[in-house]
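I opened this one with two things on my list: aromatic rings and a pocket. Here are my notes, in the order I looked things up.

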Amino acid sequence: MIKSKIVFGQAVAYVIAFIMVYIGIRDLFSYSDSQAAYAFINAWWAGAYIGYVCKMKIKVAIYAFILSVILLCILYFSSFYYVLYHDAPEKLSVHLLFTICVQSLLVTSPIIFSFIISRGERYYRKNLNEKEKMGSE
């Protein structure tokens, strides 16, 4: 129970950090036509860095995905839809659900990316240590 609360807390902190970086960079580049792209790229790399430094597991990505889906649904059907790249739909549709799922995957993909990188790093270090041990004998 406590472990799942920690994982959920990490997911909430991750999503908040992603949103904060996105909003901050979007406002910083408000003069640019590409502000949304700059904001997303910076938020993505910040998310990858946070995921790597905090050693987030895939479970955090699952919670963050679910949280992102919920937040995007609320955002699409609220009066704050203007922060998205297009107009809010009038009703829920399969296309909208697909769009929300893809956007949520993009938000959580830095965690998966950093998890794969850290796993590869551990694998490489383990194999390197084994080769050093074999070479010293």
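What follows are my entries on ring pairs, one alanine and a pocket.

**Entry 1, the rings.** I kept in mind that this is a predicted model. I looked up the aromatic pairs and got a count of eight. I then picked Tyr14 and Phe18: their ring centres are 6.2 Å apart and their planes meet at 45°, so I noted the pair as tilted. Both residues sit in helix H1, four residues apart, or about one turn of the helix.

Buried or exposed, I asked of Tyr14? Tyr14 is buried, at 1% relative accessibility. Phe18 is buried as well, at 6%.

**Entry 2, across to the next helix.** Phe18 also pairs with Phe40, this time edge-to-face, with 6.1 Å between centres and 65° between planes. Phe18 belongs to helix H1 and Phe40 to helix H2, so this pair ties together parts 22 residues apart in sequence. I found Phe40 partly exposed, at 27% relative accessibility. Ring pairs thus link Tyr14, Phe18 and Phe40 into a cluster.

**Entry 3, Ala46.** I found Ala46 in helix H2, which covers residues 35–53. Its relative accessible area is 21%, and because buried means under 20%, I wrote Ala46 down as partly exposed. From Ala46 to Tyr14 I read 9.7 Å, C-alpha to C-alpha, with their positions 32 residues apart in sequence.

**Entry 4, the pocket.** I looked up the second largest pocket, with a volume of about 210 Å³. Helix H1 (2–28) and helix H3 (58–76) each give two or more residues to its lining. H1 has the largest share, five residues. Among the lining residues I noted Lys3, Gln10, Met56 and Tyr63. By class, the lining has six nonpolar, two polar and four charged residues.

Terms used: Residues are numbered from 1 along each chain as its sequence is written. This is a predicted model: local features need pLDDT of at least 70, side-chain atom pairs count only at pLDDT 80 or more; totals for chains, interfaces and linings use all residues. Side-chain values use heavy atoms; hydrogens and water are left out. On a 1 Å grid over the protein atoms alone, a cavity is a set of points where a 1.4 Å probe fits but cannot get out, and a pocket is an open set with protein on both sides within 12 Å along at least five of seven lines; lining residues have an atom within 4 Å of a point. Grid points are joined across faces, edges and corners, and a volume is the space filled by probe spheres set on the points. Ala, Val, Leu, Ile, Met, Phe, Trp, Tyr, Cys and Pro count as nonpolar, Asp, Glu, Lys and Arg as charged, and the others, Gly among them, as polar. Buried means under 20% relative accessible area, exposed over 50%, partly exposed in between (1.4 Å probe, protein chains only). Rings of Phe, Tyr and Trp (its six-membered ring) pair if their centres lie within 6.5 Å; planes under 30 degrees apart count as stacked, over 60 as edge-to-face and the rest as tilted.
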